[in-house]
Amino acid sequence: MKSAFWLAGAAALALASPAFAGDTIKIGFVSTFSGPTAVIGNDMRNSFELALDHLGRKMGGKPVEVIYEDDQQKPDIGKQKTEKLVQSDKVDFIAGYIWSNVLLASLKTAVDSQTFLISANAGPSQLAGELCSPYVFSTSWQNDQTPAAMGLYMNQKGVKSVFLIGPNYAAGKDMLAGVKSTFKGEVVGEEYTVWPSQLDFSAELTKARNSKAESIFVFYPGAAGVQFLNQYAQSGLKQQMPLYTAFTVDELSLPLQKDNAIGVPGAQEWVNDLPGEQNKRFVEDYRKKYPGLRPTYYGAQAYDAAQLIDSAVVAVKGDTSKKDAMKAEMEKANFKSLRGAFKYGNNHIPIQNFYLQDVVKDASGELSLKTVATIVKDDQDRFHDKCPMK
Amino acid sequence: MLLLVEQILNGLQFGLLLFLLAAGLTLVFGIMDLVNLAHGSLYMMGAYFAATFVAWTGSFVLGAVLALGATLVLGMVLEFTTLRHLYGRDHLDHVLATFGLILFFNEAVRLIWGPAGLALPLPPWLTVPVQIFPGIYYPAYRLAIIVVALLVALLLYLGVMRTRIGMLIRAGASNREMIGALGINIKLLYTLVFGLGAALAGLAGLMQAPILTVQIGMGENILILAFVVIVIGGIGSIRGAFLAAIFVGLIDTLGRAFLPNLLRQVLDSASASTAAPALSSMLIYLLMAMVLVVRPEGLFPANRR
């Protein structure tokens, strides 16, 4: 008798659960959780989870369910995982995406199904321009912006000529184009390496040395940044050709780059020491929740993605079928971003400041990143004119 | 001209490193007829051991020697516990079992050392560039890799060609049943050869570590190249592995170095810089395909039967 009662109860629950699904906010999160760049994905997940903790794990009064999917840093896998999230999990939002090539492969799936996609890192030029969509928002930047800020800084330093090196994929091309868009000196050479398999840059460094350029600019995210700096230091170029970077030195690579990273400037829209209560709380709570780890800009952007989603869900009081209202709310960027307030451009890419970051030893003798100066204020990407949305 | 010399050195260094990896692979494949996909894991373990021991002892050379010993022992234990049971079975079984070992080692490293990877810093005397010819500076550490790998190649040659163990290894490569019938302890020989192969892979891993990073899965990409090398060189042949490795290293590096400029003669700059890296990474596979067409046994096949 008793067991029959339980069975009936279980059956009722099972039947009830599809109806139940509408009462949770479902978020898919695509990032890299395996392989050498898994540390980046982990940092994004950690920060996203921290954001949910700070939001009480509820949005608009409804519990939040997050489904994390591993793209293995491969565009085809990322697309499959996006399809799974859209078609079988029927998520309300998809966030994440480290890699521009993975995002470009996955974009159509999300847009066609009118699922909101929040890029928490990748910012390919196509996304800001002709491929912009009402359903896509960014909490990061357009790829060209950060290196363009670095180019401005190089002008300030009076750099006359530069040799560019970067990986041969969507973001690599954007990054080098970004420096070229602002740098006023001469670009002596430009080299692309096989991504992500090529880890030895000896041929490229030799070319850079022989080009007699005054300086080198590189973009190497993740472990490749460690490898590049190792080889750059070993080649003795550090004394001859100063290095300028975008997304090459961060809190994940710094413990491995160690002293090689000292004196290597980078541009960034978020640095751990930016002022603001929200940011202080984020950095402190992150280090408390994940001992031994430090948050990176990847994490800060993922945290902002959670806040952006929350702002939309709160505005419609949890009714995620009101897509137009959610879009209108997200366009206001009505949340306390960790980097400080920003506005969205017509293409849903932030208009924001970029800072100069430097590597310093902190009070405990550990290497950390520090904001030195603001390179550019309220910068908007170069591609927003090509976006048909007004 | 200076550029060419420097790029040739780069290619040589990469090729010699590939040789260290391929030598162990070709010995194990040639003598025991075992396809060992986990060879790349031993390369990774060599790097992790080195990073750990160098941090403990504070000396790069001492740490490297300890790491070499540790990979040798690890290889012998691995052969004794696992791979021994695979001899004489289908190659597909080898692939399946050693692929399992890759997953095992990756997960074991994640548990022991964590997912973030390690750094293996060089001692200061190896971080300065040296002037090898007037006007040509080359990183001292890459030069050291060339010297060490050439020494190992020489020792390996002398060991295989001039010693009794080497004679047994060669005999094992050409006819396994016969040397067993002659009363040679073939089990022990196999364990030794596998340990030697592991130590060579470990050496490659620990020497590559300061240039790259010590990280999970670091052996997987380079293992593919090592297989290409032994296919081109002829399975079981150390000499073949040596020449093929240098060939592959040079083609890879020189392709990367000069192809973009060559392509810019015919294409516009943007498409040339996009196409060149893709094309240059294909070159070695084209070479392998060509060798397979002309000499399916490889350039220097070990004598068989």
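In this predicted model, a good place to begin is the largest nonpolar core, which holds 216 residues. The members that touch the most other members are I309(A), L18(B), F19(B), A22(B), A50(B), A226(B) and V229(B). Helix α1 of chain B, spanning residues 2-32, gives the most to this core, with 17 residues. One of the well-connected members, V229(B), can be followed in more detail. Leaving aside residues up to four places away in sequence, V229(B) touches L18(B) and A22(B), together with A241(B), A244(B), A245(B) and V248(B).

The confidence values come next. Chain B has a mean pLDDT of 89, and 99% of its residues reach 70 or more. For the complex, the predictor gives an ipTM of 0.81 and a pTM of 0.86.

Where the two chains meet, 30 residues of chain A are in contact with 33 residues of chain B. On the chain A side, the elements that give two or more residues are α2 (38-54), β8 (186-193), α8 (202-210) and α9 (223-234). Of these, α9(A) gives the most, with seven residues. Sorted by class, this side of chain A has 11 nonpolar, 14 polar and five charged residues.

Chain A also offers some strands to trace. Six of them form an open sheet with mixed pairing, in the order β2-β3-β1-β4-β5-β6. Its edge strands are β2 (58-59) and β6 (136-138) of chain A, each of which pairs on one side only. At the β6(A) edge, the pairing with strand β5 (residues 116-119) of chain A is parallel and runs over three bridges. A helpful pair to find in the structure is I118(A) and F137(A), the latter being the bridge partner of I118(A) in β6(A).

Another strand to look for is β7 of chain A, residues 161-167. This strand is mostly covered, as six of its seven residues are buried. Strand β7(A) runs parallel to β8(A), and seven bridges join the two; here F163(A) stands opposite G189(A). Between these strands, helix α7 (residues 170-182) of chain A completes a right-handed β-α-β unit with β7(A) and β8(A). Strand β7(A) is also joined to strand β9 (residues 215-218) of chain A, again in parallel, by four bridges. In that pairing, I165(A) has V218(A) as its bridge partner in β9(A).

Strand β8(A) thus links two parts of this account: β8(A) runs parallel to β7(A), and β8(A) is also among the elements on the side of chain A that touches chain B.

How values were computed:
Residues numbered from 1 in each chain as written. Chains lettered and ligands numbered in written order. Predicted model: local features only at pLDDT ≥ 70, side-chain atom pairs only at ≥ 80, totals over all residues. Core = buried A, V, L, I, M, F, W, Y, C linked by C-beta atoms within 7 Å. Buried ≥ 20, exposed ≤ 12 C-beta atoms within 10 Å, placed from the backbone. Contact = placed C-beta atoms within 7 Å. Nonpolar A, V, L, I, M, F, W, Y, C, P; charged D, E, K, R; others polar. Pairing = 2+ DSSP bridges. pLDDT = per-residue confidence, 0-100. Right-handed = clockwise from strand over helix to strand, strands pointing away.
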